[in-house]
Amino acid sequence: MKRPDMVRLGARLVVARDVREWNQSECAREAGVHRATLALLEDGKRRHIRSDMLFTLALALNVSADYLLGFTDDPRRAPVAPGGGGGG
């Protein structure tokens with residue numbers, strides 16, 4: 001099974017955060033994650049990312065999860081249908 005390229009994911013987190021002109025603390029606060037966890041992700045030092053964390057980071061940064069994971073080079077995310085962004 002192929003795993004996500006965590007170095008690429010980290011680099012894309014940095015780019016998306018820079019576009020928003022956020023430091024790590026601001027981004028972590030907006031996404032609801034610990035700053036230290038964000039730093040590890042950005043440095044490519046985490047071996048995996050939980051789906052809920054990927055989701056909240058993508059929403060906070062206004063990019064698609066596919067972009068963060070490297071499936072596309074287009075950072076735009078598709079609009080979420082009303083009531084379609086939550087968990088079950």
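Of the 88 residues in the protein, 33% count as buried, and it should be kept in mind throughout the tour that this is a predicted model. With the whole chain selected and a surface drawn over it, the accessible area comes to about 5,900 Å², of which 51% belongs to carbon and sulfur atoms. Switching to a cartoon shows five helices and zero strands, so that the elements read α-α-α-α-α from the N terminus on. Among the contacts with a separation of 6 or more, 51% are between residues 24 or more positions apart.

**First stop: helix H3**

Select residues 35-42, which form helix H3, and colour Thr-37, Leu-38, Ala-39, Leu-41 and Glu-42, since these are buried. What covers them? Show helix H1 (6-20), helix H2 (24-31) and helix H4 (51-61), which are included in the cover over the buried residues of H3. Just after H3, select Gly-44, where phi is positive, near 70 degrees.

**Second stop: Glu-42**

Stay in helix H3 and show the side chain of Glu-42. Is this residue buried or exposed? Its relative accessible area is 9%, and because that is under 20%, Glu-42 counts as buried. Add the side chain of Gln-24, which is joined to that of Glu-42 by a polar contact of 2.7 Å. If residues up to four places away in sequence are not counted, Glu-42 touches Gly-10, Ala-11, Leu-13, Val-14, Arg-17 and Gln-24.

**Third stop: H2 against H3**

Gln-24 leads on to the packing of H2 on H3, where the axes are 9 Å apart and the angle is about 110 degrees. Because that angle falls within 65 to 115 degrees, H2 is roughly perpendicular to H3. To see the residues involved, select Gln-24, Ser-25, Cys-27 and Ala-28 of H2 together with Arg-35, Leu-38, Ala-39 and Glu-42 of H3, which make the contact. In handedness, the crossing in which H2 passes H3 is right-handed.

**Fourth stop: H1 against H4**

Now hide the other elements and keep H1 and H4, whose axes come within 10 Å and cross at roughly 30 degrees. Because an angle under 35 degrees counts as roughly parallel, that description applies to H1 and H4. Here H1 passes H4 in a left-handed crossing. On the H1 side, select Leu-9, Leu-13, Ala-16, Arg-17 and Arg-20, and on the H4 side Leu-54, Leu-57, Ala-60 and Leu-61, which are the residues that meet.

Before leaving this pair of helices, pick Val-15, which also lies in H1. Val-15 is partly exposed, its relative accessible area being 43%. How far apart in space are Val-15 and Leu-61? A distance drawn from C-alpha to C-alpha gives 9.8 Å, while along the sequence the two are 46 residues apart.

**Fifth stop: Arg-12**

Remaining in helix H1, select Arg-12 and show its side chain. Arg-12 has a relative accessible area of 11%, and because this is under 20% the residue counts as buried. Which side chain does Arg-12 meet in a polar contact of 2.5 Å? The partner is Asp-73, joined to Arg-12 through its side chain. To display the surroundings, add Tyr-67, Leu-68, Gly-70, Thr-72 and Asp-73, with which Arg-12 is in contact once neighbours within four places in sequence are left aside.

**Last stop: two loop residues with positive phi**

Finally, turn to the backbone and select Glu-21, placed in the loop between H1 and H2. Its phi is near 60 degrees, a positive value in a residue other than glycine. Glu-21 is exposed, with a relative accessible area of 70%.

Then move to Asn-62, in the loop between H4 and helix H5 (65-69). Asn-62 is not a glycine either, yet its phi is positive, at about 60 degrees. As for accessibility, Asn-62 is partly exposed, with a relative accessible area of 42%.

Definitions and conventions: Residues are numbered from 1 along each chain as its sequence is written. This is a predicted model: local features need pLDDT of at least 70, side-chain atom pairs count only at pLDDT 80 or more; totals for chains, interfaces and linings use all residues. Side-chain values use heavy atoms; hydrogens and water are left out. Helices (H or I, at least four residues) and strands (E, at least two) are DSSP runs, numbered from the N terminus. Buried means under 20% relative accessible area, exposed over 50%, partly exposed in between (1.4 Å probe, protein chains only). Contact means heavy atoms within 4.5 Å. Accessible areas come from the Shrake-Rupley method with a 1.4 Å probe; for residues, only the protein chains shown count as cover. A polar contact is a pair of N or O atoms within 3.5 Å; within protein, one must be able to donate a hydrogen and the other to accept it, and residues adjacent in sequence count only if both atoms are side-chain atoms. Axes are lines fitted to C-alpha atoms, for helices over the stretch in contact, and angles run from 0 to 180 degrees between N-to-C directions. Angles under 35 degrees count as roughly parallel, over 145 as roughly antiparallel, 65 to 115 as roughly perpendicular and the rest as oblique. A crossing is left-handed if the near helix is turned anticlockwise from the far one by less than a right angle, and right-handed if clockwise.
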